[in-house]
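Good morning, everyone, and thank you for making time for this. I would like to walk slowly through one structure with you, so please keep the view open while I talk.

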Amino acid sequence: MLKDMELKIFNSKQEVAEQFSEYLKSLISQNDKLTVALSGGSTPKVVFDYLAEHYQQLDWSGVHLFWGDERCVPPTHEESNYKMTVDHLLSKIDIPEQNIHRIKGENAPKQEAKDYGSQLKDVLNHSDNIPSFDLVILGMGSDGHTASIFPHEIELWDSDEYCEVAVHPDSGQKRITITGQVINNAREVAFLVTGSDKKEKVAEIIGKEEISKSYPASLVLPTSGKLAWFMDQAAADGLEGK
Ligand code: 6PG
């Protein structure tokens, strides 16, 4: 269980995977039912590989998996966050099919954003009348984006919807993403951030520098106060003396 804002800095990506897996295991063993929003991209792969190798025996029957964002591609596509999660975790653990709530990237984006928002409303607990995950896992891009809310569309953070359609600034790829009110309504939020290409934004956000206000990741401030940054030394290098 997290205690307010925590910076958890480890020597390597592998050590981040080990420590994060330990944290997730403790949450799973403390909760009969646990709803988790997974992050996408590349960093989760090392965590999922570790979980698959060391926590197969864990009782996953009470764990409900969702995604914080998805690329608008079919579930078999190389860029699918769902496919990445199946390849690195779901194909190797025993979790009930009905506990996996994927974003259907193959569907019409606007309608899927609406449908997934309704699913969050129906399946998740609510606090302050807003769907509340037990844990939201987030990555951060070197541009300061999180989930699929990018700096050029930062207004999506304050959307009245639980899910929105976003556009990747470089590729133009459409994305489905949960919005700020859902992220900040989670019981706990954990960033998984590794690599030196992230250190500048990490330092600016944690240093609360003015410029960081234009980074969606700086808006991650769960009302529960329970936020942790799981980082390797490379991503935390800019924090010296901060
Ligand atoms: C996605 C993500 C995105 C990701 C960051 C970091 O679908 O791409 O959810 O928010 O977490 O881009 O990605 P890396 O871990 O690959 O650096």
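Before we look at any sheet, we need one definition: two strands are said to pair if DSSP finds at least two bridges between them. In general, strands of a sheet pair through backbone hydrogen bonds, and they do so either parallel or antiparallel. Please also keep in mind that what you see is a predicted model.

With that definition in hand, let us take strand E8 and strand E9, the latter covering residues 174-178, which are joined by 5 bridges and run antiparallel. If you would like one position to look at, find Cys-163, which stands opposite Ile-178 in E9. Helix H4, residues 109-123, packs on this sheet, where it touches E8 and E9, and its direction makes about 145° with that of E8.

Stepping back to the sheet as a whole, we have an open sheet of 3 strands in the order E4-E9-E8, with antiparallel pairing. Strand E4 (69-71) and strand E8 (163-167) each have a single partner strand, so they stand at the edges, and one side of each is left without a neighbour in the sheet. From one strand to the next, the twist averages 20°.

Now for the other sheet, where I would ask you to follow the order with your finger. Which order do the strands of the open sheet of 6 strands take? The order is E1-E11-E10-E7-E2-E3, and the pairing is parallel. The edge strands here are strand E1 (5-10) and strand E3 (63-67), each of which pairs on one side only, and the twist from one strand to the next averages 20°.

Looking at one end of that order, E1 and strand E11, which spans residues 227-232, run parallel and are joined by 6 bridges; within E11, Phe-230 is the bridge partner of Lys-8. Helix H6, residues 199-206, lies across E1, strand E10 (188-193) and E11, and it runs at about 150° to E11.

Let us turn to the ligand, which has 14 residues around it, and of these Ser-42, Thr-43, Arg-71, Ala-147 and Lys-198 come nearest. Three side chains deserve a careful look, beginning with Thr-43, which has a polar atom 2.6 Å from an oxygen atom of the ligand. In the side chain of Lys-198, an N or O atom is 2.7 Å from a ligand oxygen atom, while for the side chain of Asn-81 the corresponding distance is 2.9 Å. On its own the ligand has 410 Å² of accessible area, and the protein covers 87% of that.

Finally, a word on aromatic rings, since a search of the whole structure finds 9 aromatic pairs. One of them is formed by Phe-20 and Tyr-23, in an edge-to-face arrangement with 5.5 Å centre to centre and 65° between the planes. Both residues lie in helix H1 (residues 13-30), 3 residues apart, about one turn of the helix.

Notes. Residues numbered from 1 in each chain as written. Predicted model: local features only at pLDDT ≥ 70, side-chain atom pairs only at ≥ 80, totals over all residues. Heavy atoms only, no water. Helix = DSSP H or I, 4+ residues; strand = E, 2+ residues; numbered from the N terminus. Axes fitted to C-alpha atoms, helices over the stretch in contact; angles between N-to-C directions. Contact = heavy atoms within 4.5 Å. Near = heavy atom within 4 Å. Polar contact = N/O pair within 3.5 Å; in protein donor to acceptor, adjacent residues only side chain to side chain. Areas by Shrake-Rupley, 256 points an atom, 1.4 Å probe, with all protein chains shown as cover. Phe/Tyr/Trp six-rings, centres within 6.5 Å; stacked < 30°, edge-to-face > 60°.
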